[in-house]
Every structure is written in structure tokens, then in C-alpha cells.
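Reader: I am new to reading protein models, and I would like to go through this one slowly. Could we take it one question at a time?

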Amino acid sequence: MIQLAIAEDHQSLIDGIKLLLEYADDIDIVGTANDGEALLDLVRLKQPNVVITDIRMPKMDGITATKEIKKEWPHIKVLGFTMFDQKDAINQMLEAGASGYLLKNSPLQEVLKAVRAVYNGHTYFDANIEIDVENDTNKKAKSILTKRQVEILSFVAKGKTSREIADELFIGVHTVETHRKNMIRILGLQGKGELMRYALEKKYRF
């Protein structure tokens with residue numbers, strides 16, 4: 001059962017999502033919030049599997065709330081939900097740890113698909129979002145990975161261990177491992193082996 005929390009400052013939109021999802025027999029809405037601080041309180045209390053959060057909210061925005069959620073509960077999947085389709089906003093949510101991004105003007109059925117996708121470990125982007133207009137998966141990946149992640153990916157392609165990468169970049173091993181996990185999640189991969197295969201296939205060896 002997917003335990004879902006929803007954060008949105010427009011109650012009518014929350015009501016619309018609840019109306020759709022209450023008929024899904026694999027989803028249980030454990031609570032809703034109208035601002036970022038209330039969302040964190042809700043997550044602490046209910047420990048949902050998936051969170052849908054607006055980006056612009058009172059008291060605490062969705063990007064900051066997502067960072068806090070992923071820091072304290074890294075297993076919780078977060079979906080950004082907003083009217084803003086600018087690349088900067090998308091990248092900020094992804095860097096905060098979100099697994100997907102939806103626009104509010106999308107069909108509500110899209111929300112259902114996205115919740116199920118991120119719950120099962122995949123990333124999900126609204127069909128109307130163009131992360132990169134070119135049909136080039138390598139450029140697309142670079143547009144959603146941070147500069148540091150791309151740098152680490154180049155070492156992964158060379159077969160370097162996390163310890164070796166940490167020594168090369170003068171950072172902690174734990175930091176490297178965290179970046180690896182985030183890249184696997186962002187790119188929709190299944191494990192470390194797939195990350196190396198991806199890096200080699202996309203020619204990150206430079």
C-alpha cells in the first residue's frame with residue numbers, strides 16, 4: 001500500500017487529487033498540508049512512502065521541505081507539483097532529492113501514474129516538461145545532474161572505487177556514495193552496476 005502525503009496551499013486542488021486517488025485501491029492518503037512546515041510535521045507523524053509537494057508554499061517552500069525530508073527520511077519519494085516549468089525550478093527540485101516533477105495543469109490521471117512510478121523506484125516527469133529539447137540522452141542527463149555528479153560519473157566510467165574517487169576529489173567517501181545513490185535515483189537506474197554501464201554507454205569517460 002502506498003502511503004501518500006500531499007502539500008499544496010490551494011485546498012481545492014488537494015480536494016481534487018483526493019477525489020481521484022480515493023478510488024485507487026493501492027493508495028492511502030495519510031494526510032495533507034497547506035504549507036512546508038505543516039508538511040514536515042505530517043511526514044514526521046505519518047511516515048508516508050510518497051510525498052506530493054507544491055514548490056511555492058507559505059512558511060517553507062517545497063524545495064526546502066524536500067531537502068529536509070530527504071535528509072531525515074531518504075527512503076521517502078518526493079514529487080514536485082507546480083505551475084513552474086522552468087529548467088532552473090526543475091533542477092532545484094531534483095537536486096533537493098525529488099524523484100519527479102508534475103505540472104498542475106496536467107490531467108489528474110497523470111498524478112496517479114507518477115505516484116506509482118516513483119513509489120516503484122522510477123523517476124517521472126510531466127509529459128509537457130522538456131528537460132532538454134534535443135533527443136540526446138547524454139545531454140539530457142547532464143542537464144539534471146549537478147556538476148559534481150557529472151565529475152564523479154566520469155570516474156565511475158573509469159572503474160574507480162568510491163574511496164579512489166574521494167581521494168581524487170578531496171571529499172569524503174560518504175559524500176561520493178551519496179552522489180552515487182542520487183544519480184541512480186535521478187537516472188532511473190537499479191544499482192551501482194547499471195551506473196557504470198550507463199557512464200560507459202554515454203561516454204562519460206573523459
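Reader: Which residue forms a salt bridge with Lys-160?

Author: This is a predicted model, and in it the closest N and O atoms of the pair are 3.8 Å apart, which falls within the 4 Å that a salt bridge allows. Lys-160 is partly exposed at 28% relative accessibility, and its partner is also partly exposed, with a relative accessible area of 41%. The partner of Lys-160 is Glu-168.

Reader: In which helix do Glu-151 and Arg-148 both lie?

Author: The side chains of Glu-151 and Arg-148 meet in a salt bridge, at 3.0 Å from N to O. Glu-151 has a relative accessible area of 33% and Arg-148 one of 30%, and as buried means under 20% and exposed over 50%, each counts as partly exposed. The two are three residues apart, about one turn of the helix, and that helix, residues 147-157, is H7.

Reader: How many residues apart in sequence are the parts that Asp-26 and Arg-116 tie together?

Author: Side chains of opposite charge can pair when their charged atoms come close. Here Asp-26 and Arg-116 meet in a salt bridge of 3.0 Å, N to O, with Asp-26 partly exposed at 23% relative accessibility and Arg-116 partly exposed at 31%. Asp-26 lies in the loop between helix H1 (11-21) and strand E2, whereas Arg-116 lies in helix H5 (residues 108-119), so the pair ties together parts whose separation in sequence is 90 residues.

Reader: How many salt bridges does the count come to?

Author: The pairs discussed so far include Lys-160 with Glu-168 and Asp-26 with Arg-116. Counted by the rule that a side-chain nitrogen of Lys or Arg lies within 4 Å of a carboxyl oxygen of Asp or Glu, the salt bridges come to six.

Reader: Which helix gives the most residues to the largest nonpolar core?

Author: The largest nonpolar core has 26 residues, and Leu-39, Val-43, Val-51, Ile-69, Ile-76, Met-93 and Tyr-101 have the most contacts inside it. At least two residues each come from strands E1 (2-7), E2 (27-33) and E5 (100-103) and from helices H2 (36-46), H3 (62-72) and H4 (87-96). With five residues, the element that gives the most to this core is H4.

Reader: Which residues does Val-43 touch, not counting residues up to four places away in sequence?

Author: Val-43 is among the residues with the most contacts inside the largest nonpolar core, and Val-51, Ile-69 and Ile-76 belong to that same list. Once residues up to four places away are set aside, Val-43 touches Pro-48, Val-51, Ile-69, Trp-73 and Ile-76.

Reader: How far apart in space are Lys-77 and Ala-117, C-alpha to C-alpha?

Author: Lys-77 is placed in strand E4 (residues 77-82), and its contacts beyond four places in sequence are Asn-49, Val-50, Val-51, Ser-99, Val-118 and Tyr-119. Ala-117 is not in that list of contacts. Although 40 residues separate Lys-77 and Ala-117 in sequence, the distance between their C-alpha atoms is 10.0 Å.

Reader: Which residue follows H9 with a positive phi?

Author: Helix H9 (residues 173-186) has 14 residues and reaches 20 Å from its first C-alpha to its last, close to the 20 Å expected. Its buried residues include Val-176, His-179, Met-183 and Ile-186. After this helix comes a residue whose phi is near 70 degrees, and that residue is Gly-188.

Conventions:
Residues are numbered from 1 along each chain as its sequence is written. This is a predicted model: local features need pLDDT of at least 70, side-chain atom pairs count only at pLDDT 80 or more; totals for chains, interfaces and linings use all residues. Side-chain values use heavy atoms; hydrogens and water are left out. A nonpolar core is a set of buried Ala, Val, Leu, Ile, Met, Phe, Trp, Tyr and Cys residues joined through side-chain atoms within 4.5 Å. Buried means under 20% relative accessible area, exposed over 50%, partly exposed in between (1.4 Å probe, protein chains only). Helices (H or I, at least four residues) and strands (E, at least two) are DSSP runs, numbered from the N terminus. Contact means heavy atoms within 4.5 Å. The expected span of a helix is 1.5 Å times one less than its number of residues.
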